[in-house]
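Me: Please show the structure first. I will then ask about helices, the ligand and the backbone.

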Amino acid sequence: MCGIVGYIGKKEAYPVIVKGLQRLEYRGYDSAGVALLNGDLNIYKKKGKVVDLHEFAKDKDLSSTVGIGHTRWATHGEPNDVNAHPHTSQSGKLAMIHNGIIENYAALKTDLLKKGYSFQSDTDSEVFINFIEDIYINTDVDLAEAVRLALTKVVGAYAIAIISLDDPTLMIAARKGSPLVVGIGKDEFFLASDATPIIEYTNEVVYLDDQEIAIIKDNSLTIKNIEDVELKPYIQTVDMELEAIEKGGYDHFMLKEIFEQPKSIGDCLRGRLKSNEGKLVLGGINDYVNKIMNADRILIVACGTSWHAGLVAEYIFEEFCRIPVEVEYASEFRYRNPVVSEKDVVIAISQSGETADTLAAISLAKSRGATILGVCNVVGSSIARATHAGSYTHAGPEIGVASTKAFTAQISVLTMMALMIAQKKGTLSERDYHNLLVELESIPDKVAKALDLNAQIEYISEIYKDATNFLYLGRGYNFPVALEGALKLKEISYIHAEGYPAAEMKHGPIALIDENMPVVFIATHDSSYEKIVSNIQEVKARKGQVIAIVSEGDTEIPKMADHVIEVPHTHDALMPLIAVIPQQLLSYHIAVMRGCNVDQPRNLAKSVTVE
Ligand code: M6R
């Protein structure tokens, strides 16, 4: 995720762009840059936040009424000055900002290299602008047409804006998969990833649809699609509070991030998984596949929600790859004297990539010769740099302190890793491998269906919002989901909650159950279904209040539970990706009803960079 802003009109462009970029920093903030036309094409870009860019640029020539700017959340290439946007074409005449991922950039780059192009950065975006320039200079078309032709050939997601030294009255923009809004002012136009940078200048906007191109030329706007059909711009009036738009219309970042999961899981799978080709590619760990296959064991180190994702991964790796796995709290691992050897593979899981305990666990394991792989969300983060290799989760910036979309993206990546190893190792039949790929590909749609339960869960939350304790119980793959449900509730609502394996209940926690104890059962239709039905009966016999998350169509549990939440069915191993959704919503609504600060719960920080 990145933020983009463009301005063409009579005002000074730079202040409009910089202010807009600051509003879009929630979309990414590892580097920022601007391109300004003023007889020359002046480009200023800097690693860090927009404020660092401004510090760097403020004494430079900023006079211009045409410009584009970008705040980056790195996907291809680490965050640094060179990889920052805008990127220029080889001639130095075209500048582009890009939000998205061009999946076929490697093939395009190979062709361009053969034609004599060279590249300064590691980004797909620099390839993209040179691909456009190559069409522009080698065919008899104008720039807008060259952009259109290029868009028919690129695969992936994009929101782009382009300016040209040859024509300061021209700005071209297009989108597919990434958002883009055109603001229409008096003798001026704006472009942005969302309306926040625009609304203080005009409330008239056009939201571009996928595969549409906006051509702003000589103070007029033309919109066409990539089939070259001109479209009538659909101008809408924006009527929203600034703050609300920053959260994409949601009351809290957490809710926005919960609802983003069909997309964030889709982004995580995109370009890596193609079930119809039986294809699973995790480029980042390709060179380490043999090492993992032959490891004595896999050690997973992580904290909090990432540790819960690690527990799910333990079950998946052991079931499909037949490799022993141990999951360690990084904070414990680093302070004891664990047995680690060069035949171990360590997987460090972290959303932020900055968690101090996880970093320390990595360095301990490294010092004992282990191979370290990372599963991080933030590109170029300390953990991503400290590991030998790894795979990013591509979930986009997670701003709410309670981790939600990072959890499901972590499980998605770890599942892909395990399936890749299992197939190569031959510990999973081709048929099961293929079925799991198909099922994994269907997860974004099933998560979307689970999100449709929001109103029902809000209703249940109202009933239990004043509870002082909660129990979460699950078995097998749903046991880590129970732990995650309990963590979500306690960290944002301050209700004491415990997660347990359902079968362990009889060894202690059952003593807590009375008519005041809500118990969330994750009781989907899996191999331990009959057993968990018995556990529900045990709770009901002691008058506990049962909220059961079940598979669609379950007829047994509704006869005994107080509330039944039906989620789409999937393979046992993938159920955590779906079963966690109602729990995230339950904790969110309860916290809101209790008046808690959902996005910034007391005593917590998004990334724990201290011991
Ligand atoms: O950034 P990380 O994934 O390394 O963070 C680990 C934990 O601090 C984090 O998951 C924390 O438990 C969250 N607040 C959970 O919602």
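**Helices, ligand and backbone**

Reply: α1 and α2 are roughly antiparallel to each other, where an angle under 35 degrees counts as roughly parallel, over 145 as roughly antiparallel, 65 to 115 as roughly perpendicular and the rest as oblique. This is a predicted model, in which local features need pLDDT of at least 70, side-chain atom pairs count only at pLDDT 80 or more, and totals for chains, interfaces and linings use all residues. Residues are numbered from 1 along each chain as its sequence is written, and side-chain values use heavy atoms, without hydrogens and water.

Me: At roughly what angle do the axes of α1 and α2 cross?

Reply: Helices (H or I, at least four residues) and strands (E, at least two) are DSSP runs, numbered from the N terminus. Axes are lines fitted to C-alpha atoms, for helices over the stretch in contact, and angles run from 0 to 180 degrees between N-to-C directions. The axes of α1 (residues 13-23) and α2 (residues 50-57) come within 9 Å and cross at roughly 155 degrees.

Me: Which residues of α2 meet α1?

Reply: Contact means heavy atoms within 4.5 Å. On the α1 side are Tyr14, Val18, Leu21 and Gln22, and they meet Val50, Val51, Leu53, His54 and Ala57 in α2.

Me: How many residues of each class surround the ligand?

Reply: A residue is near the ligand if one of its heavy atoms lies within 4 Å of it. Ala, Val, Leu, Ile, Met, Phe, Trp, Tyr, Cys and Pro count as nonpolar, Asp, Glu, Lys and Arg as charged, and the others, Gly among them, as polar. The shell holds four nonpolar, eight polar and two charged residues.

Me: Which helix gives the largest share of that shell?

Reply: α10 (304-321) and α18 (478-493) each supply at least two residues. The largest share, three residues, comes from α10.

Me: How far is a polar side-chain atom of Thr355 from an oxygen atom of the ligand?

Reply: A polar contact with the ligand is a pair of N or O atoms within 3.5 Å. For Ser306, a polar side-chain atom lies 2.6 Å from a ligand oxygen atom. For Thr355, the distance is 2.4 Å.

Me: Which peptide bond is cis, with omega near 0 degrees?

Reply: Most peptide bonds are trans. Pro86 sits in the loop between β4 (66-72) and β5 (87-88). The cis bond runs from His85 to Pro86.

Me: What is the phi of Asp218?

Reply: Asp218 lies in the loop between β12 (212-217) and β13 (220-225). Although Asp218 is not a glycine, its phi is positive, at about 50 degrees.

Notes
Polar contact = N/O pair within 3.5 Å; in protein donor to acceptor, adjacent residues only side chain to side chain.
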